[in-house]
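Let's take a friendly walk through this fold together. Please have the sequence and the 3D view open as you read.

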Amino acid sequence: MNSRRNFVKKTVLAGAGVSLLPNVSFGGITKLADQKLKLAFIGVGLRGTNHLNNALRRNDVEITAICDIDPERIKIALKKIEDNNSPKPKVFGSNDHDYKNLLELDNIDAVIISTPWLWHTKMAIDAMKAGKYTGLEVSAANTIEECWDLVNTHEATGSHLMILENVNYRRDVLAVLNMVRQNVFGELVHFRCGYQHDLRFVKLNDGKSAYGKGVEFGEKGISESKWRTQHSVLRNGDVYPTHGVGPIATMCDVNRGNRFTSLTSNATKAIGLHNYIVKHGGEDHPNAKVKFKQGDVITTTIETAKGETIIVTHDCNLPRPYSLGFRVQGANGLWEVDGNRMYIEGKSKPHQWDEADEWLKKYDHPLWQKHGELATNAGHGGMDFFVLNAFVESAKENIAPPLDAYDAAAWSAITPLSELSIENNGEPQDFPDFTRGTWVKRKPYNWEKSKY
Ligand SMILES: NC(=O)c1ccc[n+]([C@@H]2O[C@H](COP(=O)([O-])OP(=O)(O)OC[C@H]3O[C@@H](n4cnc5c(N)ncnc54)[C@H](O)[C@@H]3O)[C@@H](O)[C@H]2O)c1
């Protein structure tokens, strides 16, 4: 048992004493307080394995079943579970639909779905129908119909759906949310965000590329290049909006007093992937002939009911350092993640940026103050601990999660709406109101008081 897991388990046990205390990390007076959450995984590729690692660190979770159609991934997952001295889970994955057999098991309370995008909604709907508390990786849906399907199934079954958007839990993001809640920026006006991540060599993640340069995808690809790159061939839209938009939607209370009303999107030409293939595979490589539909930089402007704008960028096929490009701007000032800078009128020197660090430290979120140490090494700078913690704790109590089916639908709808807008020369597209009008009275989630 590694020392970190030891620490987590000790902390939990210390907090638990004989019974669980309400304010200790994994404590909480919960429906399942005296027993473990029985958790299953559908998809144990790179992301699912990350969640699995974090779940294995907890003593309030028992992994009862796993499913993956790739036997290699099952082997890796089982080894991790065995090395943790945890009971062997039931294994599924004999075909694409074997996950349905997993969902029939009674000894599953909750399920985490980390499969390719086109499976997300189908699997989440089946999981909710089977009465499982459902965690779904990002994005949640591919079409407007799928967005509605998620909401409708949640409402019809009463089963909860959490979109597992980890960036909502990033330390700087939560500190800025804290500043927003304390009105440091004043009335909010404008936001920027996006997914700006050079993914051209994603296939090299495990170093097993047949060509060594990551120019293969589909059947010859590895991990995400098996399925993700195909979206760049077929779809001209922002296919991955939630890492940027999730945190911003929370800051401006989307679905809880505010909502996305419309968007416009524009795409540049597509040269990045082609250039990469030619550079690393040669002009004669078969993939050099592939016509990529997805523009290299896709820019979407969303309008909200409260009169804010949000510029969302998708930029994954050109060389660049990683950035989610956050900017949060209100009547009193703004934060920009690029440049790590803050300006608050009356507090900062006129017309001069402050380094953001002091501000972020001052407004460090209560959640990070409480669980920061546990989050170390959990992945993605600690935020992976928080998203799983929120999921597990909400599932144990069987209560609505912080990021719910309406969030999953509204954020994921950006993909099909951006495609439609681009197809129509940037024509505005209206967002459906997935809350059916209740956004007016739904209250913002209380992140400050939340235990998780
Ligand atoms: N939140 C984050 O930071 C983050 C990071 C990476 C990936 N993701 C998301 O997680 C999801 C998975 O991404 P990944 O990087 O793990 O991809 P991956 O390709 O490594 O893993 C997907 C797994 O799903 C399995 N699978 C495919 N079809 C299946 C089926 N019908 N039944 C069972 N298993 C099936 C595959 O065999 C594979 O092991 C994607 O939605 C991705 O966008 C999120």
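How many aromatic pairs does the count come to? The count is 16 aromatic pairs, and it comes from a predicted model. Take Phe 260 and Phe 431 as one example: their ring centres are 5.1 Å apart and their planes meet at 45 degrees, so this pair is tilted. Since tilted pairs are those whose planes are neither under 30 degrees nor over 60 degrees apart, 45 degrees belongs there. This pair also links distant parts of the chain, with Phe 260 in strand β8 (residues 260-267) and Phe 431 in the segment after β15 (429-430), 171 residues apart. Buried residues are those under 20% relative accessible area. Phe 260, at 3% relative accessibility, therefore counts as buried, and Phe 431 is buried too, with a relative accessible area of 5%.

A second pair to look at is Phe 326 with Trp 335. Their ring centres are 6.0 Å apart and the planes are at 20 degrees, so the pair is stacked. Both Phe 326 and Trp 335 are buried. Elsewhere, ring pairs join Tyr 169, Trp 368, Phe 385, Phe 386, Tyr 445 and Trp 447 into a cluster. Rings also have charged company here. Lys 122 lies over the face of Trp 119, 5.8 Å from the ring centre, and the charged end of Arg 228 sits over the ring of Tyr 240, at 4.2 Å from its centre.

Now turn to the sheets. One is an open sheet of 6 strands, in the order β3-β2-β1-β4-β5-β6, with parallel pairing. At its edges stand β3 (90-92) and β6 (161-163), each with a single partner strand, so one side of each has no neighbour in the sheet. From one strand to the next, the twist averages 25 degrees.

Let's cross this sheet starting from β3. Strand β2 (residues 61-67) pairs with β3 in the parallel sense over 3 bridges, and Ala 65 has Lys 90 in β3 as its bridge partner. Helix α3 (residues 71-83) packs on the sheet and touches β2 and β3, its direction making about 165 degrees with that of β2.

The next strand in the order is β1. It runs parallel to β2, with 6 bridges joining them, and the bridge partner of Leu 37 in β2 is Val 61. The chain goes from β1 through α2 to β2, and this β-α-β crossover is right-handed. Helix α2 (residues 46-56) lies across β1 (37-42), β2 and β4 (110-113), running at about 160 degrees to β1. Is β1 enclosed or open? Of the 6 residues of β1, 5 are buried, so this strand is largely enclosed by the rest of the structure.

On the other flank, β1 and β4 pair in the parallel sense over 4 bridges, and Ile 42 has Ile 113 in β4 as its bridge partner. β4 and β5 likewise pair in the parallel sense over 4 bridges, with Ala 110 opposite Tyr 133 in β5. Together, β4, helix α5 (residues 117-129) and β5 make a right-handed β-α-β unit.

In a regular strand, side chains alternate between the two faces of the sheet. Strand β5 (residues 133-136) is covered on both faces: Tyr 133 and Gly 135 on one side, and Thr 134 and Leu 136 on the other, are all buried. Then 3 bridges join β5 to β6, which run parallel, and Gly 135 stands opposite Met 162 in β6. β5, helix α6 (residues 144-157) and β6 make a right-handed β-α-β unit.

There is also an open sheet of 9 strands, in the order β14-β13-β12-β11-β7-β10-β9-β8-β15, with mixed pairing. Its edges are β14 (354-355) and β15, each with a single partner strand, so one side of each is left without a neighbour in the sheet. Within this sheet, strand β9 (residues 297-304) and strand β10 (residues 309-315) pair in the antiparallel sense over 7 bridges, and Thr 299 has Thr 313 in β10 as its bridge partner.

Helix α9 (residues 242-251) packs on this sheet, touching β7 (188-196), β8, β9, β10 and β11 (327-330), and its direction makes about 160 degrees with that of β7. Helix α15 (residues 414-423) packs on the sheet as well, touching β8, β9 and β15, with its direction at about 55 degrees to that of β8.

Definitions and conventions:
Residues are numbered from 1 along each chain as its sequence is written. This is a predicted model: local features need pLDDT of at least 70, side-chain atom pairs count only at pLDDT 80 or more; totals for chains, interfaces and linings use all residues. Side-chain values use heavy atoms; hydrogens and water are left out. Rings of Phe, Tyr and Trp (its six-membered ring) pair if their centres lie within 6.5 Å; planes under 30 degrees apart count as stacked, over 60 as edge-to-face and the rest as tilted. Helices (H or I, at least four residues) and strands (E, at least two) are DSSP runs, numbered from the N terminus. Buried means under 20% relative accessible area, exposed over 50%, partly exposed in between (1.4 Å probe, protein chains only). A charge sits over a ring if NZ of Lys or CZ of Arg is within 6 Å of the ring centre and within 35 degrees of the ring normal. Two strands pair if DSSP finds at least two bridges between them. Axes are lines fitted to C-alpha atoms, for helices over the stretch in contact, and angles run from 0 to 180 degrees between N-to-C directions. Contact means heavy atoms within 4.5 Å. A crossover is right-handed if, with the strands pointing away from the viewer, the path from the first strand over the helix to the second runs clockwise.
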